[in-house]
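Work through the exercises below with the sequence and the coordinates at hand. Each task is followed by a solution in steps.

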Amino acid sequence: MERLSCLAHRAFDGAFDLRYGGSTWGTADDEFHPTSSRLLHRMFQRLGVTRDDVLIDLGCGFRRAVCIGAQYPFRRIRAVEPDPATVEQEQRNVARLRARQVADLRVDRTEAAEYDCADATFT
């Protein structure tokens, strides 16, 4: 049963990658382990995101939380990532996502420990 659940998450995440382009999967050798897109949807639904909420994705990596967060009525979303190549990719994705519900969506190139999260509702 656990294997079926794992396969279902992989299928859901694979559909996510097709929709947004690129790969958001880590490998067994990576330190990168993305949160499942299905779990992110459940989390945002249960939290009851409103226009008063701010999402800050520290170490946004390959953008999964930002892309899914853009489907909810956040007032502002910040993707924080120190890697220049990842930031460049994330900025292209953000340009596509601006047409969605989030009015204020931006990628900031900085270390998570240096980022001001004072107005964050979700980090």
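The exercises concern salt bridges and the nonpolar core of this predicted model.

**Exercise 1.** Find how many salt bridges the whole structure holds, and state which residue pairs with Arg76.

*Solution.* Step 1: a search of the whole structure gives four salt bridges. Step 2: the side chain of Arg76 meets that of Asp119, with an N to O distance of 2.2 Å. Step 3: Arg76 belongs to strand β2 (residues 76–80) and Asp119 to the segment after β3 (104–108), so this pair ties together parts 43 residues apart in sequence.

**Exercise 2.** Identify the salt-bridge partner of Arg78 and say which strands the pair ties together.

*Solution.* Step 1: the side chain of Arg78 forms a salt bridge with that of Asp104 (3.1 Å, N to O). Step 2: Arg78 lies in strand β2 and Asp104 in strand β3, so parts that are 26 residues apart in sequence are tied together. Step 3: Arg76, Arg78, Asp104 and Asp119 are linked in a network of salt bridges.

**Exercise 3.** Classify Arg76, Asp119, Arg78 and Asp104 as buried, partly exposed or exposed.

*Solution.* Step 1: the cut-offs are under 20% relative accessible area for buried and over 50% for exposed, with partly exposed in between. Step 2: Arg76 has 17% and is buried; Arg78, at 6%, is also buried. Step 3: Asp119 has 34% and is partly exposed, as is Asp104 with 27%.

**Exercise 4.** Give the N to O distance of the salt bridge between Asp108 and Arg106, then classify both residues by accessibility.

*Solution.* Step 1: the side chains of Asp108 and Arg106 meet at 2.7 Å, N to O. Step 2: Asp108 has a relative accessibility of 13% and counts as buried. Step 3: Arg106, at 37%, counts as partly exposed.

**Exercise 5.** Name the residues of the largest nonpolar core that touch the most other members, and determine which element supplies the largest share of this core.

*Solution.* Step 1: the core has 15 residues, of which Phe44, Val66, Tyr72, Phe74 and Ile77 touch the most other members. Step 2: at least two residues of this core come from each of α2 (37–47), α3 (64–69), β2 and β3. Step 3: α3 supplies the largest share, three residues.

**Exercise 6.** List the residues that Phe44 touches, leaving out those up to four places away in sequence.

*Solution.* Step 1: with these sequence neighbours left out, Phe44 touches Val49, Leu55, Ala65, Ile68, Gly69, Tyr72 and Phe74. Step 2: Tyr72 and Phe74 also appear, with Phe44, among the core residues that touch the most other members.

Key:
Residues are numbered from 1 along each chain as its sequence is written. This is a predicted model: local features need pLDDT of at least 70, side-chain atom pairs count only at pLDDT 80 or more; totals for chains, interfaces and linings use all residues. Side-chain values use heavy atoms; hydrogens and water are left out. Helices (H or I, at least four residues) and strands (E, at least two) are DSSP runs, numbered from the N terminus. Buried means under 20% relative accessible area, exposed over 50%, partly exposed in between (1.4 Å probe, protein chains only). A nonpolar core is a set of buried Ala, Val, Leu, Ile, Met, Phe, Trp, Tyr and Cys residues joined through side-chain atoms within 4.5 Å. Contact means heavy atoms within 4.5 Å.
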